[in-house]
Amino acid sequence: SYDDELCESLDDENPDAPVCELRYAVVDEVNSTLTLDGWLCDELTLSAGTAGSNMEPLTVLSADATTIVADWPAGLDAGAVLVLADCPCGSCSIDVTQGPHGPTGPIGPRGPTGETGPTGETGRTGEVGPTGPPGGRGRAGEDATRDTPGGYWWWPIPLPQECPSGQYVYYLDHYGLIHCTDGSGAGDGGAGDGGGDGGDGGGPAVCPCFDDSDVLGVGIDYLPQELLNTICADFLPDALQLAGSRGPDPGNELDDPNAWIALASYEGVLPSNQCLLLDNTVGTHNEIANITNSEVFACLQILESSAMFLLNNCPAGGDPPSINVDPLTIEETLQSGDQITRIVEISNVGQQMLTWRAEVQDGDAFASISHGSGYLSAGDSYDLEVLFDATDLPGSEYNAQLHIRSNDPTNGLVEVLLSLTVTTSPEIVVSPDQLDFGPVPVGQSESLDLGVFNQGLATLDVASITSDLPEFSVSETTFSLGPGTANVISVTFTPPALEAYDGTLTIASNDPATPLLTVPLTGSGMAAPAIDLSPESLFVTLPTNAQTTETLTVSNVGLADLSFTASTIGPFLSVLPTQGIIGPGDFLQLSVEFVSDGLPPGIHEGAIQLSSNDPLEPVVHVPATLEVTGGPLIAISVTQLDFGGVVVGLDASLDFRIENVGESTLTVGPISSDSPEFSALPAGASLSPGAVETVTVTFAPSAVAPFSGTLSIPSDDPAEPLVTVDLSGQGLEQPEVGVTPTSFSSTLHSGAQETQTLTISNPGIGELEFSIAAVWVNEPVSPTGVFVTPSPGRGSVASSGSLDIDIHFTTAGLPTGEHQAELQIATNDPLMPLITVPATLTLTSAPHLQIPGDPLRQESIETFTTLGATTSHIFTTAAPPVGGGLLQLIAEGDYEHGTATMIGGGALFGVVGDSGVPCGTGAGLFQVDANRLAGLTAGGTAAVEVDNSHDVSLDCEPRQHTVRLTYNPERDSLDFGASITGEDSNLWISIVNGGTETLTVSSIDSDAAEFSVSPSSMTLAAGSAELVTVTFNPPTGAGYSGTLSITSDDPDRPLAQIQLSGEGGAVAICPCFDASNIEGVGLAGIGFG
């Protein structure tokens, strides 16, 4: 065995060192050699000896990075200590305990039995019962009476090391736990000292019994294929190591394959596909014995470099292992960010070896364990460390389970309940942790920033911030900070004298760890000049070609001479004098001249800059603003217009605005284009200050070709007498529109819907563009949406192509009788720019059952990146709407003058924008009546488009359209959630008659006894509604479900069903009081809706 935890800890101390990874150690007493496999170190010092004695160094015979072979002193056996040192990862010691004997070398001549066996009596050949302790096997051809243990010692990792002899076998379960099973079959007594023939294995046990002398006769009576797959996939080759012949075969006895094939020769014991004997050692013949299952062969390929043998001796009989775990519940309360370790003791109170594996389930990321598996001898125990970690956890309750699985036959899974309550508190931190103002002129002030941070998880309340010296003051004394937020306060130092000052700033807060936080303050007063300016800024208004002079006073409020230089920023400014010296307490007046010659009307910014020897303000600026009035000033809304493609023979128009932002009348014109395909109206305008003129530019292509031009806009703006707009467009081939059918008609009853098809074709050359508007011909007295809705409402058709348009007929909110409407199809076909298709609906009377559900809101956000952009918004409407709804449009971008138009289903919903605010947002909420909403959603989706006007620029961020659709879908479920066991919980549904005939609801009932309804039937006039009370009374804390069935004379839906659900076991949340105190209960305020 080796100290796994020691090696792991050494790795932690030296993370760059190789990992201590000892797979197994084998002592060959016959050849007096020690083999270490898997030790990742080829420079290793080995020594061995009996515990308590001097260690004897071992000679390394061969070594590489994975295997070390050394000599082994004669006479050292079980109980010896093997010490491994000088490996980069540290030192480990191995207790040499005798493991179970595997198949040894070749079988020698049979010797006399029972003469010098290691223990007890000699084996009684043929007598059924427990075998005697195993004798060793002699070498081939030698005297078999020699008392030699023979064979190999081996340390299977992680199998237990101390196994008394007996007839038991190990096997792995699905969790990798090691079990030891007592077989019920019998075998012949073992041979005595010197070896001998082995007895038969067998019997109907889960795993057969065997002993050391009978290794070659072992067979696996039953090994489930699922378990075999698990072993192959997850645990080999590292879980178990071969205990049999791993070295040369000097006697060649095992070259006879019959010695191994005999393993499968016992009739009725070994099915042909359930025998497993694996040893891929080079030079032996014992690789596979009668294995036919292909998955076993696949597993064998993994084992080529490490031989395996799944059978071996186990501890002697006795009571099976029995696990005891204490405690079974751990509850902890931690402050967020803290940790604590608790101990779970795992004990083996049985008589056989206990193997266990532990893991945390549903840990909410707060619980972990120190070790995952192990084994315990009878009476032993292990303290498993469980770490509760509240790092980065918000205040809440957290729960998990610690699963401990073992080979205890009656208690294979033990669950330990883990509970963590995380509390939070504020944590105050300041930066910097001290403030040093340095020298400050006497009578002057210097300010420094102090950051106050809340690094806790609860609100930090700062109750006061005080200074123990009046020379230090703060800008803010009380405030609150949420978790992870900060506030910056200003601390000001004003020294009254030439001396040093040391103070303390004290911050009182509700941080439980630091209720009073102190910040050291230092500074000193010094003699220095201090500049002061009056006024702090200059503002002058002049007409064009004028000038004026303003006075700027420079004062020295310090204790030493002030020397300065003055300069100007801005071509309209000048200053005199440009330098000077001012004594303490004295001042000097500067003359600042403003000149508007050649400046256009408007605002002009500049400044006076003064550089001085003031240590606190070496450079100061006095802003100087000149407003030039009296002239016009032109502004246009666009600098380019792109008309896209226009069919030859048609024209397209775009608008832009001219605005006079000056102080006098602006004369514009004549406006002209250098290309005959572009024209503008009006050609000129006279605009008073603030007035706006809209100019319409028309593009009429004369050929199939691209066109461009420039629109020139002259005016009497003195600063910008000519502005231009770039123009572009493309002439397109002519399309040809075709429409079928030429009319529509439908007969429906109230509440019904129907979809017909309109086909638009284009036998022409150019691409056909169209848009469809549905309009009333005889609108009802009560206005409602048109009964026909096209989907899509606009699009394009390629040359020689066609497109099918769904025409939805809907009846919501319409009276009975005949209704007439038109589908107006606008196209870019110059010969047929507008086609009208009549539509007739004959509506008959019928009831219509509707059950509105809870309001549903969907949102679609689309960005735009081009001028005149269109965004598309698709909403999925799986359940049909009940009644009308709302459409909200929020247009973000440059909507100071531009607009966004929302359309869908051949109808205009609304226009937003023209806010008058630079980069202003346009927003609007528009009602959609029941019939228009029914048509918009008839196909299971609702398509809405938003069009920008061409004067929505790309100068503002963000640029996006947000569309929100809100409506009540048909209800299909009703969930009560958690309710109090044994008490009634009520919810309500509304039944609406959306038809034109009286609705008779003959029955309303539930198929589950826990749900009841009232009333159980009703009669509703057209357009009316009534509430139904659904009551849930759970008898236990379980979950319940049912179906509410509503039977009516609705011709389209005679049976409507709603799924019901709820759960019992909730606890009442109302406070308790008794009848004697009812008068003491007050209602602060209750709102009834």
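**A disulfide and a four-stranded sheet**

In this predicted model, C919 and C956 are joined by a disulfide, with their sulfur atoms 1.9 Å apart. Under the criterion applied, in which two cysteine sulfur atoms must lie within 2.5 Å, the count comes to one disulfide. The bond connects distant parts of the chain, its two cysteines being 37 residues apart. C919 lies in the loop between β63 and β64 (922–928), whereas C956 belongs to the loop between β65 and β66 (960–969). The torsion about the S-S bond of C919 and C956 is about -75 degrees, and the disulfide is therefore left-handed.

The two cysteines were also examined for solvent accessibility. C919 has a relative accessible area of 44% and is thus partly exposed, a class that spans the range between the 20% limit for buried residues and the 50% limit for exposed ones. C956, with a relative accessibility of 3%, counts as buried.

Strands β63 and β65, which are named in the loop assignments above, also take part in an open sheet of four strands. The order within this sheet is β60-β65-β62-β63, and the pairing is antiparallel. The edges are occupied by β60 (870–876) and β63 (907–913); each has a single partner strand, so one side of each is left without a neighbour in the sheet. On average, and with direction ignored, neighbouring strands of the sheet are turned by 20 degrees against each other.

The pairing of β60 was considered in further detail. This strand is joined by seven bridges to β65 (residues 941–948), and the two run antiparallel. At the level of individual residues, T876 has T941 of β65 as its bridge partner.

How values were computed. Residues numbered from 1 in each chain as written. Predicted model: local features only at pLDDT ≥ 70, side-chain atom pairs only at ≥ 80, totals over all residues. Heavy atoms only, no water. Pairing = 2+ DSSP bridges. Axes fitted to C-alpha atoms, helices over the stretch in contact; angles between N-to-C directions. Buried < 20%, exposed > 50% of the residue type's maximum accessible area, 1.4 Å probe, protein only.
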